[in-house]
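Subject: Structure for you to look at, with notes

Dear colleague,

Here is the structure I promised to hand over, and I would be glad if you could keep it open while you read the notes underneath.

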Amino acid sequence: MALNQTEIKRIREVAKAYGATRVILFGSALDPARKARDLDLAFDGVSGWKLFELGAKLEELLQTPLDVVPLSPPTRFTELVEAKGQIIL
């Protein structure tokens with residue numbers, strides 16, 4: 001499930017409206033050989049319930065199941081996301 005430029009632009013616009021300072025796409029959607037069933041996105045600058053509101057908004061907009069994770073505080077997992085993910089914002 002590759003994102004096209006229009007979808008990336010929409011993600012950026014909505015993420016910025018929620019205060020996101022960084023967005024990273026990670027997981028199976030990055031591998032063209034795999035059939036991704038959802039999108040995995042990590043966000044910086046959005047916390048608490050706002051992160052889940054943002055995820056729901058994007059899921060509705062893109063018509064695709066979405067998993068969201070915060071990038072802060074840093075963990076081993078977020079370090080892996082940052083190292084292997086694709087920066088969208």
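The notes below go through what was found in it, part by part.

Please bear in mind throughout that this is a predicted model.

I will begin with the two helices that pack against each other. Helix α1, which covers residues 5–17, and helix α2, which covers residues 49–62, have axes that come within 10 Å and cross at roughly 150°. Since angles over 145 degrees count as roughly antiparallel, α1 and α2 are therefore roughly antiparallel to each other. The crossing in which α1 passes α2 is right-handed. On the α1 side the contact is made by Glu 7, Arg 10, Ile 11, Val 14 and Ala 15, while α2 brings Leu 54, Lys 57, Leu 58, Leu 61 and Leu 62 to it. Sorted by character, the residues of this contact between α1 and α2 comprise seven nonpolar and three charged ones, with no polar residue among them.

One of those contact residues deserves a paragraph of its own. Ala 15, which has its place in helix α1, counts as buried because its relative accessibility is 0%. If residues up to four places away in sequence are not counted, Ala 15 touches Ala 20, Val 23, Phe 43, Leu 54 and Leu 89. Of these partners, Leu 89 lies 74 residues from Ala 15 in sequence, yet the two are 8.6 Å apart in space, C-alpha to C-alpha.

Ala 20 takes us from the helix into a loop, namely the one between α1 and β1. Is this loop residue buried or exposed? Ala 20 has a relative accessible area of 9% and is therefore buried. Its contacts, leaving aside neighbours within four places in sequence, are with Ala 15, Phe 43, Asp 44, Gly 45, Val 46 and Leu 89. The C-alpha atoms of Ala 20 and Leu 51 are separated by 9.2 Å, although these two residues stand 31 residues apart along the chain.

Next come the aromatic rings, for which a search of the whole structure finds two pairs. In one of these, Phe 26 and Phe 77 meet edge-to-face, with 5.8 Å from centre to centre and 80° between the planes. The pair links distant parts of the chain, given that Phe 26 belongs to strand β1 (residues 22–26) and Phe 77 to helix α3 (residues 76–84), 51 residues apart. With a relative accessible area of 12%, Phe 26 is buried, whereas Phe 77, at 43% relative accessibility, counts as partly exposed.

Helix α3 also holds Val 81, which is buried with a relative accessible area of 4%. Not counting residues up to four places away in sequence, Val 81 touches Ile 24, Phe 26, Ala 42 and Leu 71. Between the C-alpha atoms of Val 81 and Leu 71, which are 10 residues apart along the chain, the separation is 8.5 Å.

A charged residue in a strand may also interest you. Asp 40 is found in strand β2, residues 39–44, and counts as buried because its relative accessibility is 11%, where the cut-off for buried is under 20%. Setting aside residues up to four places away in sequence, Asp 40 touches Ile 24, Leu 25, Phe 26, Gly 27, Ser 28 and Asp 67. Asp 40 and Ile 24 are 16 residues apart in sequence and 8.4 Å apart in space, C-alpha to C-alpha.

Finally, there are two points of backbone geometry to look at. Most residues other than glycine have a negative phi, and most peptide bonds are trans. In this model, however, the peptide bond from Ser 72 to Pro 73 is cis, with omega near 0°, and Pro 73 lies in the loop between β3 (66–70) and α3. Gln 63, for its part, is a residue other than glycine with a positive phi, near 55°. Gln 63 sits in the loop between α2 and β3, and at 67% relative accessibility it counts as exposed.

With best wishes

Terms used. Residues are numbered from 1 along each chain as its sequence is written. This is a predicted model: local features need pLDDT of at least 70, side-chain atom pairs count only at pLDDT 80 or more; totals for chains, interfaces and linings use all residues. Side-chain values use heavy atoms; hydrogens and water are left out. Axes are lines fitted to C-alpha atoms, for helices over the stretch in contact, and angles run from 0 to 180 degrees between N-to-C directions. Helices (H or I, at least four residues) and strands (E, at least two) are DSSP runs, numbered from the N terminus. Angles under 35 degrees count as roughly parallel, over 145 as roughly antiparallel, 65 to 115 as roughly perpendicular and the rest as oblique. A crossing is left-handed if the near helix is turned anticlockwise from the far one by less than a right angle, and right-handed if clockwise. Contact means heavy atoms within 4.5 Å. Ala, Val, Leu, Ile, Met, Phe, Trp, Tyr, Cys and Pro count as nonpolar, Asp, Glu, Lys and Arg as charged, and the others, Gly among them, as polar. Rings of Phe, Tyr and Trp (its six-membered ring) pair if their centres lie within 6.5 Å; planes under 30 degrees apart count as stacked, over 60 as edge-to-face and the rest as tilted. Buried means under 20% relative accessible area, exposed over 50%, partly exposed in between (1.4 Å probe, protein chains only).
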